[in-house]
Amino acid sequence: MSYVEYKDQEPQPLGESKEQQQGEESREQEAGRGPASIEILKKRAQELIDNINESRQKDHALMTNFRDSLKIKVSDLTEKLEERMYQLYNHHNKIIQEKLQEFTQKMAKISHLETELKQVCHTVETVYKDLCVQPEATTLEEQTHKDGEC
């Protein structure tokens, strides 16, 4: 039998019950059998068996109390661990949120700089085209070369 099967059971008494032994003793006395020393030994054996059974019941009660106490302590520890875990989650969430905010701001700045750079590029291209236009006729090859430089 496994521990699980034993854990909720009461300990089984050892030997005969007192009622069984007393019934047997009265039958022996009625029949006139057995010396007194056998009776003393039987009583002593029954006392030992009763002591063992009582000890087993105490052990069972002790283990039940220990199990219940352990369950409470484990439950308390689990709650504390869970609470600490959520505190760490909250701390990490704040850090992540701050980093995401910084990232969003930097991406907005990059987008703004990209727009400014496109405007500068367009302005430079316009200035270059204005400088490149000559009153004399240019060949198609030269014009293609000049347009490709910007």
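This passage describes the fold, the surface and the side-chain pairs of a predicted model.

The overall picture is easy to take in. The protein chain holds four helices and zero strands, and read from the N terminus its elements follow the order α-α-α-α. Burial is sparse: 7% of the 150 residues count as buried. The chain exposes about 13400 Å², with carbon and sulfur atoms supplying 58% of that area. Among contacts in the chain with a separation of 6 or more, 59% join residues 24 or more positions apart.

Helix 3 deserves a closer look, and a simple check of its geometry is a good place to start. This helix comprises residues 36-132. Its 97 residues, at 1.5 Å a residue, should span 144 Å, and the C-alpha atoms at its two ends lie 139 Å apart, which agrees with the expected value. Several residues of helix 3 are buried, namely Glu 39, Gln 46, Ile 49, Asn 53, His 60, Arg 67 and Cys 132.

The surface also carries a nonpolar patch, formed by Met 63, Phe 66, Leu 70 and Val 74, which together offer about 390 Å² of accessible area. Leu 70, one of these residues, is found in helix 3. Its relative accessibility is 42%, so Leu 70 counts as partly exposed; patch members need over 30%.

Charged side chains come next. Side chains of opposite charge can pair when their charged atoms come close, and a search of the whole structure finds three salt bridges. In one of them, Glu 47 is joined to Arg 44, with 3.5 Å between the closest N and O atoms. Glu 47 and Arg 44 are three residues apart in helix 3, so about one helical turn separates them. Both partners are partly exposed: Glu 47 has a relative accessible area of 42%, and Arg 44 has 44%.

Another salt bridge brings together the side chains of Lys 58 and Glu 54, at 3.5 Å from N to O. These two residues also belong to helix 3, where they sit four residues apart, about one turn of the helix. Lys 58, at 53% relative accessibility, counts as exposed, whereas Glu 54, at 42%, counts as partly exposed. The cut-off for the exposed class is over 50%, which is why Lys 58 with its 53% falls within it.

The remaining salt bridge links Glu 125 with Lys 129, whose closest N and O atoms are 3.4 Å apart. Here too the partners lie in helix 3, four residues apart, or about one turn. Glu 125 is partly exposed at 31% relative accessible area, and Lys 129 is partly exposed at 41%. The spacing within these pairs fits a general rule: an α-helix has 3.6 residues a turn, so residues three or four places apart point the same way.

Aromatic side chains complete the description. The structure holds one aromatic pair. The ring centres of Tyr 86 and Tyr 89 are 5.8 Å apart and the ring planes meet at 70°, so the pair is edge-to-face; the angle required for that class is over 60 degrees. Tyr 86 and Tyr 89 both lie in helix 3, three residues apart, about one turn of the helix. Each ring belongs to a partly exposed residue, with relative accessibility of 44% for Tyr 86 and 43% for Tyr 89.

Notes. Residues are numbered from 1 along each chain as its sequence is written. This is a predicted model: local features need pLDDT of at least 70, side-chain atom pairs count only at pLDDT 80 or more; totals for chains, interfaces and linings use all residues. Side-chain values use heavy atoms; hydrogens and water are left out. Patches are made of residues with over 30% relative accessible area and no salt bridge: like charges are joined within 9 Å, nonpolar side chains (Val, Leu, Ile, Met, Phe, Trp, Tyr) within 5 Å. Accessible areas come from the Shrake-Rupley method with a 1.4 Å probe; for residues, only the protein chains shown count as cover. A salt bridge is a side-chain nitrogen of Lys or Arg within 4 Å of a carboxyl oxygen of Asp or Glu. Buried means under 20% relative accessible area, exposed over 50%, partly exposed in between (1.4 Å probe, protein chains only). The expected span of a helix is 1.5 Å times one less than its number of residues. Contact means heavy atoms within 4.5 Å. Rings of Phe, Tyr and Trp (its six-membered ring) pair if their centres lie within 6.5 Å; planes under 30 degrees apart count as stacked, over 60 as edge-to-face and the rest as tilted.
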